[in-house]
Every structure is written in structure tokens, then in C-alpha cells.
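Open the model in your viewer and keep the sequence panel visible. The tour below goes from one selection to the next.

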Amino acid sequence: MELAGIVGKPNAGKSTLFAAMTLAPVEIANYPFTTIKPNRGVSYLRINCVCKELGVKDNPRNSRCVDGIRFIPVEVIDCPGIIRGAHVGRGLGLQFLDEIRQASALIVVADASMSTDSDGNPVKPGVGNPIEDVRIVEEELDYWIYGLLSEDWKRICRVVESRVSKLVEELSKKLSGLRITGKILDETIDELGLDESRPSKWSESQLLSFVRRLREKSKPIIVAANKIDIPEAEEGVRMLREAGYTVVPVSAEAERILRMAAEKGLIKYLPGDSGFEMIDEGKLTANQKKALKLIEERVLEKWGSTGVQEIVNKAYFEVLRYIPVYPVEDPEKLTDKDGNVLPDVYILPSGSTPRDLAYAVHTDLGKTFLYAIDARRKIRIGENYELKWGDVISIVAAARRSS
Ligand SMILES: Nc1nc2c(ncn2[C@@H]2O[C@H](COP(=O)(O)OP(=O)(O)O)[C@@H](O)[C@H]2O)c(=O)[nH]1
Ligand SMILES: [Mg+2]
């Protein structure tokens, strides 16, 4: 499973975003991942469940369904803050870079309100530079990868040019921990028209472009333009968009408050909603009412939502290009072997086939896969079928080991 990592300079709002993202949405008990690490948390993707369209009442097992909205758990990584010079150990430096290795996509938190400088110190709103917030992350990563390569470049050139080894092989060894695969390396060499048999002839600027492109491909970025509850953020969001980034305007703090209020039963709110309902105004203190009113005016009415759900969804569905698929055992009743209707949703990389789904469910099922049935159309599909968003699929396998 590929993961999104939350990164950015200090005080951009990473911890607040992480807290908001990983607070279980109301009515959903915390989902326990068995091997969860301390800096990882569970967030939820929000999709319209197929239960409505198919006119069934579902019994979700690996996810939750609230009023036809499915919440699917995914893990996210909280990375330590990064400042300029991290690649030479400034700030938490290398610790940041070690954490980021595991991420396949980055949610870069920028302070769109511009109320912090590039090291994260507070300044007057409007003074900071949100583009710089993103560049810090990009450039520190680039320098770091560049450093990894250049410390070994002479040796690599020697073994490649004496035909003892292949360039992509050497680079893979060096960079696979960063999730830079042989495929990414091949593509990048091609794209930039580099000569892989003569790396010693690459210019400094070619090597730098190579590194930048590897980083872009292996750690695609989506920007959380945070603190949109502050008026100056409007300008910050505009600047980030103009710079060409994929931007989601976010108020991490507003989302955190809404989820907590929902958890306490004070309001009715699901992550991603464009508004909330007070459940019992009498139970709210004057301060709580005021805070909620401000969130309504400055965030929900102005921006449409807090953006937190949107950024989680975008990270997994657009940047990592996953799609949700429902495996069922019985293609007529849409149930598992215990009679649960639409019990599970799996998220798979786009382009996945029924056999990939079978493997995701269970290795045995993958190994003994014969064919699949598209439960919606009631037709048999082969192993080359490309799964589509929201497919309901029954896998037919050779005699499965009974448990
Ligand atoms: N106004 C506003 N402040 C926020 C928001 N998110 C975080 N903050 C504040 O920004 C400061 C830094 O937040 P924190 O999450 O600790 O940042 P980190 O250092 O990046 O983890 C704290 O005072 C937060 O309350 C937001 O959406 N709006
Ligand atoms: Mg923090």
C-alpha cells in the first residue's frame, strides 16, 4: 500500500492537519491497523457508496458507511518539520528525510495566510511566502537525492563505463529505499535524452534535472494551502495556484474543531460536508457557538468545505491514482460468505485487474484465480479486464483451501 506523507516547514500546521485527518469521523470507531507505527495514523477516504445506486442496505466490514457515504481507512505518515539546510542536518534535518522515504505522495502543508516566515517563526499575516514553503520541501529533497548520487557518482560511472554493471541497476540499488524504481529511472533517462552508457559525460545541470525529475515522479506533491480561515490566505491560495501547483485550500484547525464537536455530539458533521447542523444549541457554550459561527462564515461559506477531506481524497485518488473496488463472494446477493452485503472496499492502483484484486484480498485467492464476475452487469470478465471505479467484483477461483 502506498502512503501519503504530510510534510512542510515548522508551524505550517502539519500536526493540526494530521490530528484533523486522523480523528475518526463521527460514528466511526477508530480503525485498528495491526502494524501501525508511531508516526502513522489512520485517515479515511470518502466516496459515494454503491449501496445507494444498487438499492441495498450494506453491512460494511473493512470500512464504514454513513447515509450512503463510504469511509475507507488509509494510513498517512506524519513527517517532522523541514527547514532550509535540512539536507546538511539543519533543524531535524536528516530525520525528516528518513521519514519521507516511505511516502509515495507528499501532502505539503503551506501557510497560505503567510503568517510565518520560512523557518516557521510567526510574522504578520501577508508577510510570508507560501510558494517558498513548497520550494523548501522540493529543494531539500532534491539536494538530498543529489547528495546521495554525487557521493558515489565516480564509482558508478566507472563500473557502468567499464561494463561491469548497468546504470539503472546501480541507481536502483542506491535509490530504491526512496521508492525510486527502475521504471522511474528508465523513464526519466529517456525523457531527458541522457546517455546511460556514458554518465561521466552528463553535465552538472543534467544531473540536477535528472534528480529533480526523479523526485517529481517518486514523490508527487499536492499542496494543502492551510489557514484559509485567515483573510490573507485568499492571496496565498492565488499565488500557489498561479505557481502551477495542485492546491487544495484547507483549514486544518477548523476541521479539527468540527470533528471534535461532532464526536461530542454537539453538531452533525461528516468530514467533507459543506456545512454542519447544531444538534442542541442549549448544550453549547457562548465561546463554542462563536467558534462554530466563525468556521461557518470564514471557511465553509467562503470556501465550500475545510478542504481536509478533499486533500486526503485527492492524495489517494488523483495523485496516487487509486480506485475503490468492492469484492463480493456472491455476485447475486452482493455478499461475503457470512451474508454481509458489500462488506469490503479495496483501493487499488488504477489499471489493476481482477487478479490483482484477488491478490489484494488473499494471496491464495490470487494464486488460484480463474476468472471474475462483474456483479453489476452479471457478466464474466477475464484477467485482462481493467477494473473501474466502484466495480463490484466476484472472484471465481479453483478449489480454495477451506479454513
Ligand atoms: N488560523 C489557523 N491556524 C492554524 C491552522 N492550522 C494550524 N494552525 C496554527 O498554526 C500553529 C502551528 O500548528 P502546528 O500544527 O503545530 O504546525 P506544525 O509545526 O507544522 O506541526 C498552531 O498555533 C496552530 O494552531 C489553521 O487552519 N488556521
Ligand atoms: Mg508539528
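**Stop one: a covered strand**

Select strand β10, residues 322–328: seven of its seven residues are buried, so the strand is mostly covered. A residue is buried if 20 or more other C-beta atoms lie within 10 Å of its own, exposed if 12 or fewer, and partly exposed in between, with C-beta atoms placed from the backbone. Strands (E, at least two residues) and helices (H or I, at least four) are DSSP runs, numbered from the N terminus.

This is a predicted model, in which local features need pLDDT of at least 70 and side-chain atom pairs count only at pLDDT 80 or more, while totals for chains, interfaces and linings use all residues. Residues are numbered from 1 along each chain as its sequence is written, and chains are lettered from A and ligands numbered from 1 in the order in which they are written.

Now show the side chains of β10. In a regular strand the side chains alternate between the two faces of the sheet. Here Y322, P324, Y326 and V328 point one way, and I323, V325 and P327 point the other way.

**Stop two: the partners of β10**

Add β11, residues 346–349, which pairs with β10 in the antiparallel sense over four bridges; two strands pair if DSSP finds at least two bridges between them. Look for I347 of β11 opposite P324. Then add β14, residues 392–397, which runs parallel to β10 and is paired with it over three bridges. In β14, I393 is the bridge partner of P327.

**Stop three: the domains**

Colour the chain by its domain assignment: domain 1 is 4–129 + 220–316, domain 2 is 140–215 and domain 3 is 323–397. These bounds come from an automatic or database assignment. The centres of domain 1 and domain 2, taken over C-alpha atoms, are 35 Å apart. Seven residues from domain 1 and seven residues from domain 2 make the contact, where C-beta atoms placed from the backbone lie within 7 Å.

**Stop four: helix α6**

Select residues 167–175. Which residues of helix α6 are buried? They are L167, E170, L171 and L175. Seen down the helix axis, these buried residues fall within an arc of 115° (taken from the directions from the axis to the C-beta atoms), so they line one face of α6. Their cover includes α5 (153–161) and α7 (182–191).

**Last stop: ligand 1**

Centre on ligand 1, which 16 residues surround, the closest being G13, K14, S15, T16 and E253. A residue counts as near if its C-beta atom, placed from the backbone, lies within 6 Å. The elements giving two or more residues to this shell are α1 (14–22) and α10 (252–263); α1 gives the most, with three.

How values were computed. Two residues are in contact if their C-beta atoms, placed from the backbone, lie within 7 Å.
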